[in-house]
Number of protein chains: 2
Amino acid sequence: MSASAKRVVWELPAWIEAELDLTRALRSDEEKMRLAIEVARRNIDRGGGPFGAAIVNGETGAVLSVGANWVVPQRSSLLHAEIAAIAFAQVALESYSLASGAYELIASSEPCIQCLGATVWSGVRRLVCGAGVAAAEAIGFDEGPRRDDWVSQLETRGIGVRLGVLASEAEAVLAEYGKRGKPVYAVTRIP
Amino acid sequence: MSASAKRVVWELPAWIEAELDLTRALRSDEEKMRLAIEVARRNIDRGGGPFGAAIVNGETGAVLSVGANWVVPQRSSLLHAEIAAIAFAQVALESYSLASGAYELIASSEPCIQCLGATVWSGVRRLVCGAGVAAAEAIGFDEGPRRDDWVSQLETRGIGVRLGVLASEAEAVLAEYGKRGKPVYAVTRIP
């Protein structure tokens, strides 16, 4: 086994805190989504994927974490925006569960199957999504084998779901990424 | 936003390399599964969950990484065995994709929905599973909203799947964990 793989380290890029105001309370779903979309938009200028996410306390509006798709720059297929937001949030709380507060996962696009699963185990109480799956698929991304009833499956597990918040703004970031011909890291693609 | 959450660090526990022989080539699925089960078994004595995994090169038999469920000890709901194995493997290869070699993901239990998704994006060519989903559910774990046709969904994406390798040995570790009354970190549970 490789002697080099004793640690996995994911870093929050410096521009996140340098360029974004993360101290302001975000009250409406639209305010929260604007942050996730802004993260996605800025991320594509830094070699990342066109997806942003945040964990926000639904009672106080406080931002606990943000994440973006850092698959390519941080060399991990796991590092989708939602995964990053959950990972940094759990470091902030020093807990494997976000269930201690009214935490919500805000995602600039509907989750792929990996992130849908991560949402279930994270302890968040709500999932708020921007762009629809068609917009991600239109530029070559595959959301994976999700169930058609994934929304009600999450609701059954106590997680509220709202789709389509600022969808056209979120989808514009995906379209821009597609226009630039950026990598879709098509590791496994449906033939 | 919390100033503390600038990095996410996952550590390979020292006992993995101290106690397991990871230099031997593993040729058959049964040999590979024996490693994953041994990791699961030893992990429950260290406060981890009863799940083990490995990434093995199917052509050479070399072990690229191992992982176990470290949700509780490393305080991340993401840290299932398969996620850990993929994360450490990609650090070892310094790549977000394992598609450069004939890598296989060996999992002591069938993947939950998060890990099923992670498998799709990881670049592995095969997924080999031990214990069936019923054995995990019998001690309180929820695999999440997987599709009934998840195996063929993976095969469609170019990933071979084999289930039930050394199933009874793998299921014995789950039963032992259940007997000890260890945490099932029931963050979100079906009522």
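Which helix and which strand each supply at least two residues of the lining of the largest pocket? In this predicted model, they are α3 (81-93) of chain A and β1 (7-11) of chain B. The pocket has a volume of about 200 Å³. Its lining is made up of 13 residues. A:Q90, A:V91, B:V9, B:Q74 and B:R75 lie nearest the centre. β1(B) gives the most to this lining, with four residues. By character, six residues of the lining are nonpolar, four are polar and three are charged.

Strand β1(B) also has a partner in the other chain. Strand β1 (residues 7-11) of chain A pairs with β1(B) in the antiparallel sense. Five bridges make up this pairing. Within it, A:V9 stands opposite B:V9. B:V9 is also among the residues nearest the centre of the largest pocket. The side chains of β1(B) alternate along the strand. B:V8 and B:W10 point to one face, and both are buried. B:R7, B:V9 and B:E11 point to the other face and are not buried.

Aromatic rings form a further set of contacts. The count comes to seven aromatic pairs over all chains. One of them joins A:W70 and A:F88 in an edge-to-face arrangement. The ring centres lie 6.4 Å apart, with 90° between the planes. This pair links distant parts of the chain, 18 residues apart. A:W70 sits in the loop between β3 (63-68) and α3 of chain A, while A:F88 belongs to helix α3 of chain A. The relative accessible area of A:W70 is 2%, so this residue counts as buried. A:F88 has a relative accessible area of 1% and is therefore buried.

A second pair, B:F51 with B:F141, is also edge-to-face. Here the centres are 5.0 Å apart and the planes stand at 85°. B:F51 lies in the loop between α2 (29-43) and β2 (52-57) of chain B. B:F141 lies in the loop between α5 (133-138) and α6 (150-156) of chain B. The two loop residues are 90 residues apart in sequence, so the pair ties together distant stretches of the sequence. Both B:F51 and B:F141 are buried. In chain A, ring pairs link A:F51, A:F141 and A:Y177 into a cluster.

Strand β5 (residues 126-131) of chain B is described next. Five of its six residues are buried, so the strand is largely enclosed by the rest of the structure. β5(B) runs parallel to strand β4 (residues 103-109) of chain B, and five bridges join the two. In this pairing, B:A107 has B:C129 as its bridge partner. β5(B) also runs parallel to strand β6 (residues 160-162) of chain B, through three bridges. There, B:V128 stands opposite B:R162. A helix connects with this arrangement too: β4(B), helix α4 (residues 113-122) of chain B and β5(B) make a right-handed β-α-β unit.

The loop between β4 and α4 of chain B holds B:P111. Its relative accessibility is 0%, so B:P111 counts as buried. B:P111 and B:H80 are 31 residues apart in sequence. In space, their C-alpha atoms are 9.1 Å apart.

Conventions. Residues are numbered from 1 along each chain as its sequence is written. Chains are lettered from A and ligands numbered from 1 in the order in which they are written. This is a predicted model: local features need pLDDT of at least 70, side-chain atom pairs count only at pLDDT 80 or more; totals for chains, interfaces and linings use all residues. Side-chain values use heavy atoms; hydrogens and water are left out. On a 1 Å grid over the protein atoms alone, a cavity is a set of points where a 1.4 Å probe fits but cannot get out, and a pocket is an open set with protein on both sides within 12 Å along at least five of seven lines; lining residues have an atom within 4 Å of a point. Grid points are joined across faces, edges and corners, and a volume is the space filled by probe spheres set on the points. Ala, Val, Leu, Ile, Met, Phe, Trp, Tyr, Cys and Pro count as nonpolar, Asp, Glu, Lys and Arg as charged, and the others, Gly among them, as polar. Rings of Phe, Tyr and Trp (its six-membered ring) pair if their centres lie within 6.5 Å; planes under 30 degrees apart count as stacked, over 60 as edge-to-face and the rest as tilted. Buried means under 20% relative accessible area, exposed over 50%, partly exposed in between (1.4 Å probe, protein chains only). Two strands pair if DSSP finds at least two bridges between them. A crossover is right-handed if, with the strands pointing away from the viewer, the path from the first strand over the helix to the second runs clockwise.
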